[in-house]
Amino acid sequence: SRYSTLQENWRHDIYYSSRVIKEKVMVVQMDNALSRYSEDQAEKLAADIEKARENGYIILILQHVPIVTNNPEYKEIRPIYTNDSTVVYDFSANTDSNGKNFDGVRTNKDAATTKVYNLITQNADVIKGLFCGHYHDDFYCEVKATEKDGTETVIPQYVLESTAFDSGKGPVLKITVK
(Lines give C-alpha, C1' and ligand atoms only; values in the text may rest on other atoms or scores of the structure.)
Protein backbone atom coordinates (compact mmCIF):
# COMPACT_ATOMS: atom_id res chain seq x y z
CA SER A 1 0.00 0.00 0.00
CA ARG A 2 2.92 2.36 0.67
CA TYR A 3 4.21 1.86 -2.87
CA SER A 4 0.77 2.57 -4.30
CA THR A 5 0.56 5.81 -2.34
CA LEU A 6 4.05 6.80 -3.49
CA GLN A 7 3.28 6.03 -7.13
CA GLU A 8 0.14 8.17 -6.96
CA ASN A 9 1.90 11.14 -5.38
CA TRP A 10 5.51 11.04 -6.55
CA ARG A 11 6.27 12.33 -10.02
CA HIS A 12 9.49 10.34 -10.38
CA ASP A 13 10.17 6.62 -10.76
CA ILE A 14 10.11 5.34 -7.17
CA TYR A 15 12.55 2.51 -7.95
CA TYR A 16 15.24 4.47 -9.82
CA SER A 17 15.77 8.05 -10.83
CA SER A 18 18.79 10.19 -11.64
CA ARG A 19 19.45 13.85 -12.16
CA VAL A 20 22.50 15.90 -13.07
CA ILE A 21 23.18 19.01 -10.97
CA LYS A 22 25.26 21.91 -12.32
CA GLU A 23 26.80 19.64 -14.97
CA LYS A 24 29.03 18.20 -12.21
CA VAL A 25 27.15 15.73 -10.06
CA MET A 26 24.70 12.99 -10.95
CA VAL A 27 22.41 12.14 -8.05
CA VAL A 28 20.99 8.62 -8.29
CA GLN A 29 18.08 7.44 -6.14
CA MET A 30 17.48 3.69 -5.94
CA ASP A 31 14.92 1.79 -3.90
CA ASN A 32 16.58 -1.08 -2.04
CA ALA A 33 14.23 -1.14 0.93
CA LEU A 34 13.97 -4.94 0.70
CA SER A 35 17.79 -5.24 0.73
CA ARG A 36 17.86 -6.07 -2.96
CA TYR A 37 17.90 -4.46 -6.38
CA SER A 38 16.20 -5.28 -9.68
CA GLU A 39 17.61 -5.98 -13.14
CA ASP A 40 16.01 -2.73 -14.33
CA GLN A 41 17.96 -0.81 -11.67
CA ALA A 42 21.17 -2.56 -12.71
CA GLU A 43 20.67 -1.58 -16.36
CA LYS A 44 19.87 2.04 -15.49
CA LEU A 45 22.81 2.34 -13.10
CA ALA A 46 25.22 0.88 -15.69
CA ALA A 47 24.00 3.43 -18.26
CA ASP A 48 24.31 6.30 -15.76
CA ILE A 49 27.84 5.23 -14.80
CA GLU A 50 28.89 5.36 -18.46
CA LYS A 51 27.16 8.71 -18.95
CA ALA A 52 28.88 10.10 -15.85
CA ARG A 53 32.27 8.83 -16.98
CA GLU A 54 31.82 10.29 -20.49
CA ASN A 55 30.76 13.70 -19.13
CA GLY A 56 33.10 13.95 -16.14
CA TYR A 57 30.31 13.77 -13.53
CA ILE A 58 30.64 12.23 -10.11
CA ILE A 59 27.78 10.06 -8.84
CA LEU A 60 26.18 10.23 -5.40
CA ILE A 61 23.77 7.37 -4.61
CA LEU A 62 20.84 7.79 -2.22
CA GLN A 63 19.01 4.65 -1.09
CA HIS A 64 17.36 3.12 1.94
CA VAL A 65 19.64 0.29 3.12
CA PRO A 66 23.45 0.59 3.39
CA ILE A 67 25.52 -1.84 1.34
CA VAL A 68 28.02 -4.29 2.80
CA THR A 69 31.41 -2.62 3.26
CA ASN A 70 33.67 -5.68 2.87
CA ASN A 71 35.95 -3.67 5.11
CA PRO A 72 37.35 -5.86 7.92
CA GLU A 73 37.95 -2.73 10.01
CA TYR A 74 34.20 -2.56 10.72
CA LYS A 75 33.66 -5.22 13.33
CA GLU A 76 31.50 -2.70 15.12
CA ILE A 77 30.50 0.81 14.19
CA ARG A 78 29.43 3.40 16.71
CA PRO A 79 27.01 6.18 15.80
CA ILE A 80 28.45 9.60 14.98
CA TYR A 81 26.69 11.08 18.00
CA THR A 82 26.28 9.61 21.45
CA ASN A 83 23.49 9.97 23.94
CA ASP A 84 21.91 7.86 26.67
CA SER A 85 20.65 5.30 24.15
CA THR A 86 23.86 4.83 22.13
CA VAL A 87 23.70 1.70 20.01
CA VAL A 88 26.69 -0.31 18.84
CA TYR A 89 26.22 -2.05 15.51
CA ASP A 90 28.00 -5.38 15.25
CA PHE A 91 29.09 -5.97 11.66
CA SER A 92 31.32 -8.94 12.37
CA ALA A 93 29.43 -10.90 9.70
CA ASN A 94 30.14 -8.16 7.17
CA THR A 95 32.33 -10.24 4.84
CA ASP A 96 30.25 -11.39 1.87
CA SER A 97 30.71 -9.45 -1.39
CA ASN A 98 27.85 -11.31 -3.05
CA GLY A 99 25.02 -9.26 -1.64
CA LYS A 100 24.98 -10.01 2.08
CA ASN A 101 22.88 -7.44 3.86
CA PHE A 102 24.91 -4.72 5.63
CA ASP A 103 24.08 -6.12 9.06
CA GLY A 104 24.82 -9.71 8.03
CA VAL A 105 21.28 -10.87 8.75
CA ARG A 106 19.97 -11.74 5.28
CA THR A 107 21.69 -12.87 2.14
CA ASN A 108 20.23 -11.80 -1.17
CA LYS A 109 22.44 -13.47 -3.73
CA ASP A 110 20.16 -12.89 -6.69
CA ALA A 111 21.92 -11.87 -9.90
CA ALA A 112 20.51 -8.32 -10.06
CA THR A 113 21.54 -7.46 -6.49
CA THR A 114 25.02 -8.83 -7.09
CA LYS A 115 25.24 -6.88 -10.36
CA VAL A 116 24.28 -3.56 -8.72
CA TYR A 117 26.65 -4.20 -5.81
CA ASN A 118 29.49 -4.87 -8.26
CA LEU A 119 28.60 -1.81 -10.36
CA ILE A 120 28.88 0.35 -7.27
CA THR A 121 32.04 -1.19 -5.85
CA GLN A 122 33.89 -1.49 -9.18
CA ASN A 123 33.30 2.08 -10.36
CA ALA A 124 34.64 4.19 -7.50
CA ASP A 125 36.30 6.52 -9.99
CA VAL A 126 32.83 8.01 -10.60
CA ILE A 127 30.76 6.84 -7.59
CA LYS A 128 31.95 9.08 -4.78
CA GLY A 129 29.35 8.70 -2.03
CA LEU A 130 26.52 6.54 -0.69
CA PHE A 131 23.79 8.02 1.50
CA CYS A 132 21.22 5.86 3.27
CA GLY A 133 19.28 5.28 6.46
CA HIS A 134 17.59 2.11 7.72
CA TYR A 135 19.41 1.92 11.06
CA HIS A 136 17.88 5.05 12.63
CA ASP A 137 21.26 6.35 13.78
CA ASP A 138 24.01 8.45 12.23
CA PHE A 139 27.35 6.90 11.38
CA TYR A 140 30.05 6.85 8.74
CA CYS A 141 31.83 3.92 7.16
CA GLU A 142 33.86 3.20 4.04
CA VAL A 143 32.99 0.59 1.40
CA LYS A 144 36.00 -1.19 -0.07
CA ALA A 145 35.94 -0.54 -3.80
CA THR A 146 38.00 -0.26 -6.96
CA GLU A 147 38.18 2.26 -9.73
CA LYS A 148 37.56 1.15 -13.31
CA ASP A 149 41.32 0.56 -13.79
CA GLY A 150 41.45 -1.71 -10.71
CA THR A 151 42.99 0.82 -8.30
CA GLU A 152 41.83 0.00 -4.77
CA THR A 153 40.02 2.74 -2.88
CA VAL A 154 36.95 3.28 -0.70
CA ILE A 155 33.56 4.90 -1.18
CA PRO A 156 32.30 6.89 1.82
CA GLN A 157 28.93 5.67 3.07
CA TYR A 158 26.89 7.96 5.30
CA VAL A 159 24.13 6.28 7.27
CA LEU A 160 21.73 8.90 8.55
CA GLU A 161 18.94 8.95 11.06
CA SER A 162 15.93 8.53 8.87
CA THR A 163 12.82 10.06 10.44
CA ALA A 164 11.62 12.73 12.76
CA PHE A 165 10.48 9.97 15.09
CA ASP A 166 14.06 9.06 16.00
CA SER A 167 15.24 12.30 17.62
CA GLY A 168 12.10 14.36 17.44
CA LYS A 169 13.98 16.82 15.23
CA GLY A 170 14.29 14.95 11.94
CA PRO A 171 17.40 14.44 9.90
CA VAL A 172 19.41 17.17 8.27
CA LEU A 173 21.55 16.57 5.22
CA LYS A 174 22.92 19.23 2.97
CA ILE A 175 25.13 18.46 0.02
CA THR A 176 26.55 21.54 -1.69
CA VAL A 177 27.70 21.36 -5.31
CA LYS A 178 30.12 24.17 -6.16
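**Figure 1. Helix H3 and its packing partners.** The buried residues of H3 pack against strand S2 (25-30), helix H2 (39-55), strand S3 (58-63), strand S6 (127-132), strand S7 (139-146) and strand S8 (152-159). Please keep in mind that this is a predicted model. H3 spans residues 111-121, and eight of its 11 residues are buried, so the helix is largely enclosed by the rest of the structure. To find them in the view, look for Ala 112, Thr 113, Thr 114 and Val 116, followed by Tyr 117, Leu 119, Ile 120 and Thr 121.

**Figure 2. The six-stranded sheet and the helices that pack on it.** Here we step back to take in an open sheet of six strands, ordered S1-S2-S3-S6-S8-S7 and with mixed pairing. Its edge strands are S1 and S7, each of which pairs on one side only. On average, neighbouring strands of this sheet are turned by 20° against each other, direction ignored. At one edge, eight bridges join S7 to S8, and these two strands run antiparallel. Helix H2 packs on the sheet, where it touches S1, S2, S3 and S6. The direction of H2 makes about 175° with that of S2. Helix H3 also packs on the sheet, touching S2, S3, S6, S7 and S8. For H3, the direction makes about 90° with that of S7.

**Figure 3. The hairpin of S1 and S2.** How do S1 and S2 pair, parallel or antiparallel? They pair in the antiparallel sense, over six bridges. In this ladder, Tyr 16 stands opposite Met 30 in S2. The two strands form a hairpin with three residues between them. Two residues of the loop between S1 and S2 deserve a look at their backbone angles: Lys 22 and Glu 23. Most residues other than glycine have a negative phi. Lys 22, however, has a phi near 50°, a positive value in a residue other than glycine. Glu 23 likewise has a positive phi, near 50°. Are the side chains here buried or exposed? Lys 22 is exposed, with a relative accessible area of 57%, and Glu 23 is exposed as well, at 59%.

**Figure 4. Ile 21 and its contacts.** Ile 21 belongs to strand S1, which covers residues 16-21. With a relative accessibility of 27%, Ile 21 counts as partly exposed, because that value falls between the 20% limit for buried and the 50% limit for exposed. Which residues does Ile 21 touch, leaving aside those up to four places away in sequence? The answer is Val 27 and Val 177. There is also a long-range relation to look for in this view: Ile 21 and Lys 178 are 157 residues apart in sequence, while their C-alpha atoms are 9.9 Å apart in space.

**Figure 5. An aromatic cluster across S6, S8 and S7.** The structure holds two aromatic pairs. In one of them, the ring centres of Phe 131 and Tyr 158 are 5.2 Å apart and the planes meet at 10°, so the pair is stacked. This pair links distant parts of the chain, with Phe 131 in strand S6 and Tyr 158 in strand S8, 27 residues apart. Phe 131 is buried, with a relative accessible area of 10%, whereas Tyr 158 is partly exposed at 32%. The rings of Tyr 140 and Tyr 158 also have their centres 5.2 Å apart, but here the planes are at 55°, so the pair is tilted. Tyr 140 in strand S7 and Tyr 158 in strand S8 are 18 residues apart, and their pair again links distant parts of the chain. Tyr 140 counts as partly exposed, at 31% relative accessibility. Its backbone joins in too: the bridge partner of Tyr 140 in S8 is Tyr 158. Together, the ring pairs link Phe 131, Tyr 140 and Tyr 158 into a cluster.

**Figure 6. Gln 157 and the backbone of Ile 67.** Our last stop is Gln 157, a residue of strand S8. How buried or exposed is Gln 157? At 0% relative accessibility, Gln 157 counts as buried. A polar atom of the Gln 157 side chain lies 2.9 Å from the backbone nitrogen of Ile 67.

Notes. Residues numbered from 1 in each chain as written. Predicted model: local features only at pLDDT ≥ 70, side-chain atom pairs only at ≥ 80, totals over all residues. Heavy atoms only, no water. Helix = DSSP H or I, 4+ residues; strand = E, 2+ residues; numbered from the N terminus. Buried < 20%, exposed > 50% of the residue type's maximum accessible area, 1.4 Å probe, protein only. Contact = heavy atoms within 4.5 Å. Phe/Tyr/Trp six-rings, centres within 6.5 Å; stacked < 30°, edge-to-face > 60°. Polar contact = N/O pair within 3.5 Å; in protein donor to acceptor, adjacent residues only side chain to side chain. Pairing = 2+ DSSP bridges. Axes fitted to C-alpha atoms, helices over the stretch in contact; angles between N-to-C directions.
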